[in-house]
Every structure is written in structure tokens, then in C-alpha cells.
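Work through the exercises below with the sequence and the structure at hand. Each task is followed by a solution in steps.

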Amino acid sequence: MSDQAFVTIKNAAKSYGQLEVLKDINLTVQRGQIVAIIGPSGSGKSTLLRAINELDPLTSGEVWLEDVQINRKLPHRQYEAHVNQVRQDIGMVFQHFNLFPHLTVRGNITLAPRMLKGLTEAEANKLAEEQLAKVGLSEKIDEYPSRLSGGQKQRVAIARALAMKPKVMLFDEATSALDPELVEEVNLVMRQLAEEHMTMIIVTHEMDFAASVCDRVLFMDKGVVVEEGPPSVIFQNPANERTRNFLRKHLSR
Amino acid sequence: MDTELILRVYPFFLEAAWVTIQLSVLTALLGLACGALGAAARLSRLAAFRFVGAVYVSIIRGTPALIQVFILYFGGPQIGIQLDSFAAGTIALGVNIGAYMTETIRGAILSVDKGQTEAARTLGLSRWKTMRKVVLPQAARLMIRPLGVNINALIKGTALVAPISVVELTYTAQRFIGSTYKPFEMFLLSGLLYMAIIYVVGQGVHWLDRRARIT
Ligand SMILES: Nc1ncnc2c1ncn2[C@@H]1O[C@H](COP(=O)(O)OP(=O)(O)OP(=O)(O)O)[C@@H](O)[C@H]1O
Ligand SMILES: [Mg+2]
């Protein structure tokens, strides 16, 4: 079971007009595995991550979650129903949190479970309390997002994603927009998820964090995976010249 | 200034103001309905709807409102649409302001951050649920002020039904000028009443906008 493919990306390619943003990318993530994607700005990390849940559909190639092809070609109505279904299993956390400002923390967390899983108000409240406890923000349940710090916002965003009980979590530079002193509280929540064996794909610029929590690291540049391997190899002994150059700039910061 | 005359005629102006108010309220409601439909069409996934929405907006905004009132009231009977002047005026003005409201509502929806839609869709919410639960509640706050501007224009625009003899403020002023030869007093009186209506509505919009901001 543990080395069974969980998320599979096959021959993924994506172009915006003439610009090839992803070129023939293959990636297999096992259940419980934590994969970091690193690389220079514009290398296609976000695009790849957003292809996994069809936010930016691929031009060609396949994305699978277990035995379900996420990017199936279907007539519009069926396609919409299909993606709405599969997205429930894929949590996503954004650089800029994207909390719903018109809803309280509770409202943010319970919206999707109530609309999509038919939870009663009491069940949804219990769920919100559980998820908030996990990210250490129980006392903020009735606050509006505008009254939270960046780190707290991101933790709520993680709780919101977790409330759907996803099979995999995608993080797109979850700490890049945070003041340095707020980064650690978010990293802590992510480490906790790692201990619970959540399958995660993490786009990050934080090499230390990637090295300490991830099982595998992918280095991307110009739309291709240049090199991948365990963090010990990628960070300490990369084979590729481009990887070495990139790390030299980023580790010496 | 002939204050005695003003005191004698003002009850007629109050009645006319009531007609202006009714006209404004009905026009605003029809306008909001047209605006909501127009915005939905302009933002539709289907090109045909987008086209219809765009044509509606450009025809209405590209021609004088007075012509639109005249076409419906005078031209309508020729193509089998027979309406009394109040109904024709309300419909023409409502459809007119609806085009402006279409753009207001569309603009408000488009100015909600794209990340909001992405976050909602990522959770598995459908397009429609995302619109209803995430985008529209935020857009609604953003559109209060600009819709207030539309409504302000609409109230003043109700004067355009005077030429088709709806007995509202402008028509009433003109009628009394015909018999009294006191245009200054008559227009002053109707102007003040317009101002009173606009002031009250403006305060209402302001109140709504402030309330919507408290979160
Ligand atoms: N909607 C779009 N239209 C056109 N080009 C786009 C679009 N989105 C992304 N791109 C381009 O695709 C390339 C990859 O972008 P992407 O956001 O995936 O990079 P990234 O690796 O996440 O970079 P960063 O570290 O800055 O977030 C860039 O050259 C970008 O300009
Ligand atoms: Mg990115």
C-alpha cells in the first residue's frame, strides 16, 4: 500500500500561446509522501501545482489521484461535476491565503463542508472547532479574517482546506507572503501534518524547511524537472549544474 | 418671489413629487432586474449571451434616454405595444438605467479578487455556489456606492417623462408656468423637491454602505 502511486502526473505539458511553461513532466507521489518543488521564479512550479487540481488545466498529459483521472476530457456539464468532486479530495493553500473576508473564521471553515457534504450546523461547528484546535487558533473562531495576523490567516486557510478531509494537500509558497517572524508558526502546522502522514506537494523557497520535512525534492527550471531525489542528495550533492547554481544563490541568503 | 403663489400651488407639487417617487422606485427596481440580467449575460460562459448583453448596453448607452422614452410611448403603438404614459415612462427609464447598472454590477463582480474564486473552486464549490456564497456577497458591498450614483441619475432622469405627460415634478412645473407665468418659482419648487428626494435616497445609500463595511 505505502509505495502505491497516489498522485501521478504523466507527460504533463502546458503552453500559454507560444510560451511552453511545462514540458513533459512526470511525477509520481506515493501515499503519505511529502514532495517539495523548488526552482527559480517563472520555472513553472505554480503552474504544475495548479494543474493538479485543474485550476490551470494542462495542454496535454494526464493527472491522476489514485485511480481517478483528474483532467478527464468530458463535455462541459460532466466535466464541471467531475472537477467539483475531485477537488474535494485535494486541499490547496495559497501564498495570499485567500480567506473569505465576508465570513468569520468559522464561516470560512464550514462553508464548503456544509454546502458539499450536507453537514448540519452542529456538525459543521464541531468540525470547525476540531480543525482550529489543530492549527492552534480555537479562540479566533468568531473573528473576521481582517483581524488576524498573516500567520494566523494562513493557519485558518490550512484548517479550511483540511476540513474537507482531503487526500492530498498542495501548498504554493504558503509562507512567502509572511513576515519572517510569522513563518515558523505556519511551518509548525505543516510539520504536524507531515507527522500525520498527510500526502503533500509543497512549492517553496525555504530550503531548510524543504530539507527537514520532505521525502523528495524536485528542482524545476524552465518548465522541466531538472533533477529530483531525496533532500540529502539534492541539497548536499546535486548532480546538475543548474541545480548547483540555484542552490548557491538560495542557500547563501 | 411670489410666496403666496407658492403656498397656493405646493400641494399639487407634493402630489407630483409622490408620482416622481413612485416612478423612481419602480424604475430602480426594473433597472436592478435588467442590470442583474445584463451582468449575468455579459459575464456568461456562452458567447451568445455575452453578445446580447453587450448589444443591450451599447444600444442603450449610445442613444439619448429621451429617444428611448419616445420610441416606446409614441412608436410602441405602431408595433402593437400600447402603454399609458406612466407605464411607458417607467419601462423605458428602467431599461435605460438597467444598462448602466449592468456595467456597475459587472464591474463590482469583476473587482472581487480572483483568488477568492480560486479558493472556493479549489474546495470543490461549483461555479454557481462560488458566485452565490463567495463572489456576490463581496461584490454586493462594492456595488452599493456606484449603484447609488446610478439611482441618483435615475431620479433626475425621471424628468424625461414630462414630455409624454406623466404628471410628475417637471411636468407639473411646466403646467403651472403655463397658467401663472412664474417659471422661477415653479422650477424652484420642483427643484427643491427633487433635491429632498435625492438627499433622502443619498442618506439611505450612505447608511447601507457604512453598514456593509462593518465586518
Ligand atoms: N495565465 C498566464 N498567461 C501567460 N503566461 C503565464 C500565465 N501564468 C503563468 N504564466 C507564465 O508561466 C511561467 C511559469 O509561471 P509559474 O507561475 O508557474 O512560475 P513559478 O515557478 O511558480 O514562479 P514563482 O516562483 O515566481 O511563483 C512564467 O513564465 C509565467 O510568466
Ligand atoms: Mg509560483
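pLDDT is the predictor's confidence in each residue, on a scale from 0 to 100. The model used here is predicted. For chain B the mean pLDDT is 95, and 99% of its residues reach 70 or more. The model as a whole has an ipTM of 0.93 and a pTM of 0.91.

**Exercise 1. Describe the contact between chain A and chain B: its residues, its area and its polar pairs.**

Step 1. Start with the residues: chain A brings 26 residues to the contact and chain B brings 22 residues.

Step 2. Turn to the area. About 2100 Å² is buried between chain A and chain B, and carbon and sulfur atoms give 60% of this. On the chain A side, A:Phe100, A:His102 and A:Met115 supply 27% of the area that chain A buries against chain B, more than any other three residues.

Step 3. List the charged and polar pairs. There are three salt bridges between chain A and chain B. In a salt bridge between A:Glu80 and B:Arg127, the side chains come to 3.4 Å, N to O. Nine residue pairs are in polar contact across the interface of chain A and chain B.

Step 4. Assign the chain A side to its elements. At least two residues each come from α2 (76-87), β6 (90-93), α3 (105-117) and α5 (150-162) of chain A. The largest share of the side of chain A that touches chain B is from α2(A), with five residues.

Step 5. Sort that side by residue class: 15 nonpolar, seven polar and four charged residues make up the side of chain A that touches chain B.

**Exercise 2. Decide whether A:Thr199 is buried or exposed, and find what surrounds this residue.**

Step 1. Locate the residue: A:Thr199 belongs to strand β8 (residues 199-203) of chain A.

Step 2. Apply the cut-off. A residue counts as buried under 20% relative accessible area. A:Thr199 has a relative accessible area of 2%, so A:Thr199 is buried.

Step 3. Look at the neighbours. Beyond four places in sequence, A:Thr199 touches nine residues of chain A listed here: A:Phe6, A:Val29, A:Gln30, A:Arg31, A:Gly32, A:Gln33, A:Lys167, A:Val168 and A:Met169.

Step 4. Check the polar pairing: the A:Thr199 side chain reaches the backbone nitrogen of A:Gly32 at 2.7 Å.

**Exercise 3. Place B:Ile164 in chain B and name the residues that B:Ile164 touches.**

Step 1. B:Ile164 sits in the loop between α6 (127-157) and α7 (169-180) of chain B.

Step 2. The relative accessibility of B:Ile164 is 1%, so this loop residue counts as buried.

Step 3. Leaving out residues up to four places away in sequence, B:Ile164 touches B:Val69, B:Phe70, B:Tyr73, B:Phe74, B:Ser85 and B:Gly89.

Step 4. Compare sequence with space: B:Ile164 and B:Phe86 are 78 residues apart in sequence, while their C-alpha atoms are 8.6 Å apart.

**Exercise 4. Apply the burial cut-off to two helix residues, A:Asn187 and B:Thr104.**

Step 1. A:Asn187 lies in helix α6 (residues 180-195) of chain A, and B:Thr104 in helix α4 (residues 85-110) of chain B.

Step 2. A:Asn187 is at 2% relative accessibility and therefore counts as buried. B:Thr104, at 13%, also counts as buried.

Step 3. Outside four places in sequence, A:Asn187 touches A:Thr175, A:Glu206 and A:Phe209. With the corresponding neighbours set aside, B:Thr104 is in contact with B:Met143, B:Pro146, B:Leu147 and B:Asn150.

Terms used. Residues numbered from 1 in each chain as written. Chains lettered and ligands numbered in written order. Predicted model: local features only at pLDDT ≥ 70, side-chain atom pairs only at ≥ 80, totals over all residues. Heavy atoms only, no water. Helix = DSSP H or I, 4+ residues; strand = E, 2+ residues; numbered from the N terminus. Buried < 20%, exposed > 50% of the residue type's maximum accessible area, 1.4 Å probe, protein only. Contact = heavy atoms within 4.5 Å. Polar contact = N/O pair within 3.5 Å; in protein donor to acceptor, adjacent residues only side chain to side chain. Buried area = accessible area lost by both parts, 1.4 Å probe. Salt bridge = Lys/Arg side-chain N within 4 Å of Asp/Glu carboxyl O. Nonpolar A, V, L, I, M, F, W, Y, C, P; charged D, E, K, R; others polar.
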